[in-house]
Amino acid sequence: MHEMQTLGTSGLVLGHEYKAGFAYWAGFLQDVIERKLPHERFAHWDATASNLDELLEYATRSSKLSYGTAALLDLEDEAGCIAAVSINSGGVSVHLAAETTVALAAGEAFLRQRLPERVATDDQTVPISFWSYGTCGPGETTRSIEVPTWADVHGNYPSRVADQLDALMSADYRPDGRGQLILWYGEPGTGKTYSLRALAWEWRQWCSFHYVTDPETFFGRPDYMLQVILEDEYGDDDEEKGWKLLVLEDTGELLAADAKAQTGQGLSRLLNVVDGIIGQGLRVIVLVTTNDELRQLHPAVSRPGRCLAKIEFVPFTPTEAEEWRARNGVEGDVGAGTLATLFGVAAGDDVFARPHVGFTL
């Protein structure tokens with residue numbers, strides 16, 4: 001637990017072990033106390049910059065940290081405030097303090113101008129936030145990844161899969177309030193990850209993507225879950241850009257029929273996010289991918305009204321595989337199989353039958 005003790009009006013004691021490089025943060029707290037600054041604000045955005053070099057002329061303290069750089073900025077002349085700023089893989093976190101809320105807004109605007117927000121670009125890159133839980137709590141790292149358009153990959157899916165994905169990938173698609181869970185299921189190699197990347201491109205104008213790397217920890221720690229789903233929830237008044245997608249890949253164990261026995265309260269917390277008390281009014285969608293069959297999942301997950309979409313990713317039939325081969329100029333007989341199998345044949349890999357597991361008749 002972190003403790004802050006005020007010593008008169010000029011000092012403070014931090015009750016946690018001090019780590020080298022955090023003088024900028026101690027300095028910020030000291031300045032807030034000494035100047036008796038009554039107003040504070042926190043902001044976070046994904047920036048194009050990878051460091052704070054453009055702002056060092058305003059720095060009274062700066063630090064090179066293991067995860068990035070940070071600085072305490074005196075913006076009194078520019079905006080009438082002070083700011084503690086850190087940057088990690090393009091993700092900028094800003095704490096501002098000032099005499100007035102007007103100065104806070106001016107300070108944030110100044111910093112956003114000097115550290116422009118990173119957006120999806122015409123060369124098909126989209127910023128993705130990756131979350132994990134470490135010794136200091138939830139941590140976020142942002143990277144821009146290359147993504148295909150849906151038109152680029154549409155032909156790599158059997159018609160029954162592509163037809164269902166078409167609705168989600170439409171430029172006019174928006175959530176309609178009938179549920180906030182998207183469930184993609186099917187055997188490995190059927191193209192779930194590629195369609196997820198295409199979705200990031202098609203939804204880039206109105207939805208930010210957040211990839212949870214440790215879903216078991218995410219649902220096991222309420223503080224972690226709430227920070228991810230509530231971050232910036234009240235900082236963006238633009239309804240068109242206010243949606244957030246949480247991506248949980250290969251997470252069937254959280255949704256299994258015996259999920260409560262395996263993962264504690266993970267299932268109930270998931271359902272609360274998508275349509276329970278926690279989820280009321282939030283513009284949050286949870287997309288879960290799993291290799292399990294739908295009948296193996298908990299019935300509460302797929303009940304009517306809970307899912308925006310339930311899409312099964314299936315292998316190609318022999319006819320569909322032949323059509324795929326013709327479209328892509330692949331020589332030889334590719335046969336039926338998953339998308340991964342078809343691409344393996346196209347690359348000249350040896351194809352072997354997967355050993356059957358379980359009972360056969």
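Which residue in strand 13 is the bridge partner of Tyr185? It is Thr290. Hold on to that contact point while I set the scene.

This is a predicted model, where local features need pLDDT of at least 70, side-chain atom pairs count only at pLDDT 80 or more, and totals for chains, interfaces and linings use all residues. Residues are numbered from 1 along each chain as its sequence is written, and side-chain values use heavy atoms, with hydrogens and water left out.

Now the sheet. Strand 10 (181-185) and strand 13 (residues 284-290) pair in the parallel sense over 5 bridges. Strands here are DSSP E runs of at least two residues, helices are H or I runs of at least four, and both are numbered from the N terminus. Two strands pair if DSSP finds at least two bridges between them. Strands 10 and 13 belong to an open sheet of 7 strands, in the order 9-8-11-12-13-10-14, with mixed pairing. At the edges sit strand 9 (137-146) and strand 14 (307-312), each pairing on one side only.

Next, a helix on those strands. Helix 4 lies across strand 10 and strand 14, and runs at about 155 degrees to strand 14. Contact means heavy atoms within 4.5 Å. Axes are lines fitted to C-alpha atoms, for helices over the stretch in contact, and angles run from 0 to 180 degrees between N-to-C directions.

On to the rings. Phe, Tyr and Trp rings (the six-membered one for Trp) pair if their centres lie within 6.5 Å; planes under 30 degrees apart are stacked, over 60 edge-to-face, the rest tilted. The count comes to 13 aromatic pairs. Take Tyr173 and Trp206: the centres are 6.4 Å apart and the planes at 45 degrees, so this pair is tilted. Tyr173 lies in the loop between helix 4 and strand 10, and Trp206 in the loop between helix 5 and strand 11, so the pair ties together parts 33 residues apart in sequence. Both residues are buried. Buried means under 20% relative accessible area, exposed over 50%, partly exposed in between (1.4 Å probe, protein chains only).

A second pair is Trp324 and Phe343, edge-to-face at 5.3 Å centre to centre, with 75 degrees between the planes. Trp324 is in helix 11 and Phe343 in helix 12, so this pair links parts 19 residues apart in sequence. Trp324 is buried at 1%. Phe343 is partly exposed at 41%.

Last, one cluster: Trp150, Tyr157, Trp184 and Phe313 form it together.
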